[in-house]
Amino acid sequence: MGTTVVAIANQKGGVGKSTTAINLAACLVELRRRVLLVDLDPQANATSGLGAEKAIGGSLYGALLGLRSLLDSVRPTAYQNFDLVPSELDLAGAEMELPKLDHSQLRLRSALEPLRRSGYDYVFIDCPPSLGILTINALCAADRVLIPLQCEYFALEGLSVIVRVVEDLRAGAHPGLAIDGIVMTMYSSRTRLGQQVVREVVEHFPGLVYEALIPRTVRLGEAPSYGKPIIVYDPSGLGAAAYRLLAREFLQRNEVPATPADGATEPKEPPAAPEALAPPSASSGQAP
Ligand SMILES: Nc1ncnc2c1ncn2[C@@H]1O[C@H](COP(=O)(O)OP(=O)(O)O)[C@@H](O)[C@H]1O
Ligand SMILES: [Mg+2]
């Protein structure tokens, strides 16, 4: 199987994009997939949430300008098979500068080409909270878009905005773009609102909403300040369980053929998944 590039996008801030990027990626690594996370948000929440430093004078912005290779920006994380392109200070200037360039929407798509041949199963792009040129670049570079949606009033209004942008791209610049799904975040089963919102979204977008609901938990909110994915920070909590479920469902959507010829319905998975992410030298004793 080749590399699937997934943009994690929603123009609203604080809906769980970065949290989902970090934790879905980490859970897929736990399921023995090789993953790269590209932090395209100048605010660098995915970078710091993984305990990594924002790059200074790195090459992500240079790669968008076509001056450098994005390969130079790839950094290892504390975990095996989990790499990161950290956000960098220069990125904040991109919203102003990129639109002046030729093919301004397709810059990240070109920059990611060599990374599609680098053996990753999945490349996730954590988008900034806007529909500016960076998010459009992410959508044009992606095969699929995953939309985290906070369980709150007016969720559907916000959702229809991003869905319309995706439909426009499908009708023009990027016909191959697919919506992977909608992840309901900060769900509380104790209030009626959460259940109502989920029901409404499912009615409007049948088949798109992930069954794994991400609960609002104190631990999920704390984990980024320790620079750790939830399956490392609080491996047996509700948040870890929810993101593990999401990862399994994600693999069902992405790795199981729609019409299996041989009756197989389970994703190909290793016989035993490790209980926790392995640090780089844990199993091999060799530097990566
Ligand atoms: N399920 C959750 N439960 C509790 N806090 C959460 C949850 N998901 C995200 N948060 C917190 O809410 C804030 C916004 O989440 P974040 O993932 O950064 O959103 P976005 O990337 O969409 O702006 C962060 O402080 C994050 O730690
Ligand atoms: Mg974010």
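**Exercise 1. Determine which residues have the most contacts inside the largest nonpolar core, and which helix gives the largest share of this core.**

Solution. The largest nonpolar core has 55 residues, and those with the most contacts inside it are Leu112, Leu159 and Val201. A nonpolar core is a set of buried Ala, Val, Leu, Ile, Met, Phe, Trp, Tyr and Cys residues joined through side-chain atoms within 4.5 Å; buried means under 20% relative accessible area, exposed over 50%, and partly exposed in between (1.4 Å probe, protein chains only). Helix H7 (residues 155-171) contributes the largest share of this core, 8 residues. Helices (H or I, at least four residues) and strands (E, at least two) are DSSP runs, numbered from the N terminus.

The next step concerns Leu112. Leaving aside neighbours within four places in sequence, Leu112 is in contact (heavy atoms within 4.5 Å) with Val5, Val38, Leu70, Val123, Ile125 and Ala141. Apart from this core lies another, of 38 residues, with Ala26, Ala212, Ile231 and Ala242 among them.

The model is predicted: local features need pLDDT of at least 70, side-chain atom pairs count only at pLDDT 80 or more, and totals for chains, interfaces and linings use all residues. Residues are numbered from 1 along each chain as its sequence is written, chains are lettered from A and ligands numbered from 1 in the order in which they are written, and side-chain values use heavy atoms, with hydrogens and water left out.

**Exercise 2. State the strand order of the open sheet and describe how S2 is placed in the sheet.**

Solution. The open sheet of 7 strands runs in the order S3-S4-S2-S5-S1-S6-S7, with mixed pairing. Two strands pair if DSSP finds at least two bridges between them. The edge strands, S3 (75-76) and S7 (178-185), each pair on one side only.

From the S3 edge, S3 pairs with S4 (residues 82-85) in the antiparallel sense over 2 bridges, and Pro76 has Asp83 in S4 as its bridge partner. S4 then pairs with S2 in the parallel sense over 4 bridges; here Leu37 has Leu84 as its bridge partner. S2 also pairs with S5 (residues 122-126), in the parallel sense over 5 bridges, with Asp39 opposite Asp126.

In a regular strand the side chains alternate between the two faces of the sheet. In S2 (residues 35-39), Val35, Leu37 and Asp39 point one way, while Leu36 and Val38 point the other way. The strand is mostly covered, with 5 of its 5 residues buried.

**Exercise 3. Is Gly66 buried or exposed?**

Solution. Gly66 lies in the loop between helix H3 (60-64) and S3. Its relative accessible area is 59%, so Gly66 is exposed. The C-alpha atoms of Gly66 and Ala111, 45 residues apart along the chain, are separated by 7.3 Å.

**Exercise 4. Describe the lining of the largest pocket.**

Solution. On a 1 Å grid over the protein atoms alone, a pocket is an open set of points where a 1.4 Å probe fits, with protein on both sides within 12 Å along at least five of seven lines; lining residues have an atom within 4 Å of a point. The largest pocket is lined by 21 residues, of which Gly16, Lys17, Ser18, Thr19 and Asn45 lie nearest its centre. Helix H1 (17-30) and helix H2 (45-49) each supply at least two residues of this lining, and the largest share, 5 residues, comes from H1.
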